[in-house]
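Please open the model in your viewer and set the side chains to sticks, so that charged groups can be picked one after another. The tour below moves from one selection to the next.

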Amino acid sequence: MAKEWPRSRVEGMDITPTRSQIVPANCHIHVDDIRSKDWWGLANGYTYDYIHTRMSMGIFPDFREIIQKSYNNLEPGGWMESQEIYPTVYCDDGTMPDDWPLKQWSQDQDEAAHDILGIPLRIANKLQKWYEQAGFVEVKERIFRIPILEWAKEPQLKLLGKFMVENMQQGLYGWSVNYFHRAFGWTENETRVRLAQVYNSLNDKSVHAYYKIYVVYGRKPREGEAPSQVPKPENWPTPETAFDDGEF
């Protein structure tokens, strides 16, 4: 974004410093916690034209808070976009057995994150409704299917499947150890042993499995334009109920 629009100011936020050594001068990376109550208002004294979130599942107790904060910090007429994977493993042709290790891992991860730790993974299919409840207009949802491994016939999907499995094998431990240790009490070695089968199952081309990726975007109303009329539920996040415990 910073390279494509060199006259803009692009800001990124993460809980650890960026590893990249090449950052454009107009790109500023903040080490901060978006859950801070400061972000309910204009924390930096200005608003944004575009806010982007990606792969935020399993991080926040209530992602609606992030959507509302983004709405608050956008310039009227500005846009927000979220890209999320829905963690259910799908298969349409019966090639995925019920005991396939990746499928079991997904169920364990969901139980640990949602049922025990209270940080839900399954947010992708709710984004469109949450955007509208926050006040966004022109909200659109697009759903993409990403194969796991190179079983698809279409060249582009085959390439995406290759990228997907490489990404999953590299990130599998990082996406597991925190949940499983905190929720189930598994040690680091126990987690690695259990993940070995999952890692190997990702090489099985006979299983035609895939994930769904949800892309949702919406616009903050312009000056004088009415926001979405979809009502907020009673438990909608407010500055007083914002999650800000000072811990990552």
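Does Arg219 count as buried or exposed? In this predicted model, Arg219 has a relative accessibility of 2% and therefore counts as buried, the cut-off for that class being under 20%.

Keep Arg219 selected and add Glu225, with which Arg219 forms a salt bridge whose closest N and O atoms lie 2.8 Å apart. Glu225 itself counts as partly exposed, because its relative accessibility is 30%. Extend the selection to Glu138, and you will have the three residues Glu138, Arg219 and Glu225, which are linked in a network of salt bridges.

Next, select Asp33 and Arg35, which form another salt bridge, here with 2.9 Å between the closest N and O atoms. Both Asp33 and Arg35 are buried, so neither reaches the 20% of relative accessible area at which that class ends.

Then move to helix 6, which covers residues 188-201, and pick Glu188 and Arg192; because these two residues are 4 residues apart in that helix, about one helical turn separates them. Glu188 and Arg192 form a salt bridge in which the closest N and O atoms are 3.4 Å apart. Glu188 counts as partly exposed at 45% relative accessibility, and Arg192 is likewise partly exposed, with a relative accessible area of 43%.

To finish, you may wish to display the full set: a search of the whole structure finds 10 salt bridges, among them the pairs Asp33 with Arg35, Glu188 with Arg192, and Glu225 with Arg219.

Methods:
Residues numbered from 1 in each chain as written. Predicted model: local features only at pLDDT ≥ 70, side-chain atom pairs only at ≥ 80, totals over all residues. Heavy atoms only, no water. Salt bridge = Lys/Arg side-chain N within 4 Å of Asp/Glu carboxyl O. Buried < 20%, exposed > 50% of the residue type's maximum accessible area, 1.4 Å probe, protein only.
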